[in-house]
Amino acid sequence: MEILWPYENGEVGEFFYARYGHPAVAEAEAALGELDGGTAVLFPSGTGAATAVALSLLHTGDTIALAAGAYFGTGRLFETLEPWGLRYVEFDQTGPAPDDVQLLWLEAPANPMLTMPDLEAAAAHPAPVVVDSTVATPVGLRPLEHGADYALHSATKALGGHDDVLLGVVVCRDPAAAEALRRFRGLTGISPASEPARLLLRSLGTLEVRVRRQAETAAVIAERLAGHPKVVLVRYPGLGGLISFDVADADAARRVETSTRLVTNATSLGSVRSLMESRHRWEGDRVPGGLLRLSVGLEDADAIWADLAQALDNA
Ligand code: PLP
């Protein structure tokens, strides 16, 4: 990776030192901005992106309203920032957010509870609105068109899509907000490397076809899961490839996740291969003990179902 570019006749050019930007990152940002209809700023992970947004927008004493049932790590991040005087409260994102908060943090759909945010109610709130649309992807939802100020993605997931990229992105409605975030990124050093940005560019070429296929397969699998006697509840919001479903309890979930052959028992989501795990191991009583999160990949729908069905039959 190049990290510096010589000055020309003593003049600093567009690229001069990698912490402030490099060509692969700029190219990826142009593509990501187009996908979400805004100005993109790339970060080394989704969590790095969230850290930069929270720290650059908020001040000591401010409170974030976070969607309940959203990605576990986001709440953990905000807890980690508490010594800096930031607070967060959880709320039901299917309705309006509490009044006295300085930032709304929604997730579309929430991972793993798969609720969808009320974007209209959020847009009516005076605080800026961040929508983490990692699960929906820009193929399923463009939050900026619904009044959000920032669309955030863990690009590690479907945008990267191949389990070989760790990146995050914030797409801003206001180009000046993107510029402020970019400045914050350079000054704090939460800067992405060029290799993952190149891998991401490779992946974006197939994003739409991957996500459409995953959503089609997920709809089939969700319906079949709902008809299986060992399945108590299925959550599938009708977009993206993520399903969560409940079996009787944590022991049953453990038996199911360890009995699949095609579906990989691992964390993460949005990959070309199907991934499944019990979320209880990470989130404890925040989720039902028997909740399994299934990220549908590009395998054949019948093959995925045959694998799940044998695991459920034997659970
Ligand atoms: N947002 C959502 C919805 C996620 O699922 C994740 C990771 O699982 C993140 C953000 C954090 O992304 P990263 O692992 O790239 O830091």
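Domain bounds, as used here, come from an automatic or database domain assignment. In this predicted model, the assignment divides the protein into domain 1, which spans residues 18-204, and domain 2, which spans residues 207-312. The C-alpha centres of domain 1 and domain 2 are separated by 25 Å, and across the boundary 29 residues of domain 1 are in contact with 27 residues of domain 2.

The ligand occupies a space that corresponds to the largest pocket. Around the ligand there are 14 residues, of which Thr47, Asp132, Ser154, Thr156 and Lys157 come nearest. By residue class, the shell around the ligand consists of 4 nonpolar, 7 polar and 3 charged residues.

Individual polar side chains of this shell approach particular atoms of the ligand. A polar side-chain atom of threonine 47 is found 2.7 Å from an oxygen atom of the ligand, and a polar side-chain atom of asparagine 111 likewise lies 2.9 Å from a ligand oxygen atom. For aspartate 132, by contrast, the partner is a nitrogen atom of the ligand, which lies 2.6 Å from a polar side-chain atom of this residue. On its own, the ligand has 390 Å² of accessible area, and the protein covers 90% of that area.

Methods:
Residues are numbered from 1 along each chain as its sequence is written. This is a predicted model: local features need pLDDT of at least 70, side-chain atom pairs count only at pLDDT 80 or more; totals for chains, interfaces and linings use all residues. Side-chain values use heavy atoms; hydrogens and water are left out. A residue is near a molecule or strand if one of its heavy atoms lies within 4 Å of it. A polar contact is a pair of N or O atoms within 3.5 Å; within protein, one must be able to donate a hydrogen and the other to accept it, and residues adjacent in sequence count only if both atoms are side-chain atoms. Accessible areas come from the Shrake-Rupley method with a 1.4 Å probe; for residues, only the protein chains shown count as cover. On a 1 Å grid over the protein atoms alone, a cavity is a set of points where a 1.4 Å probe fits but cannot get out, and a pocket is an open set with protein on both sides within 12 Å along at least five of seven lines; lining residues have an atom within 4 Å of a point. A molecule sits in a cavity or pocket if more than half of its atoms lie within 2 Å of its grid points. Ala, Val, Leu, Ile, Met, Phe, Trp, Tyr, Cys and Pro count as nonpolar, Asp, Glu, Lys and Arg as charged, and the others, Gly among them, as polar. Contact means heavy atoms within 4.5 Å.
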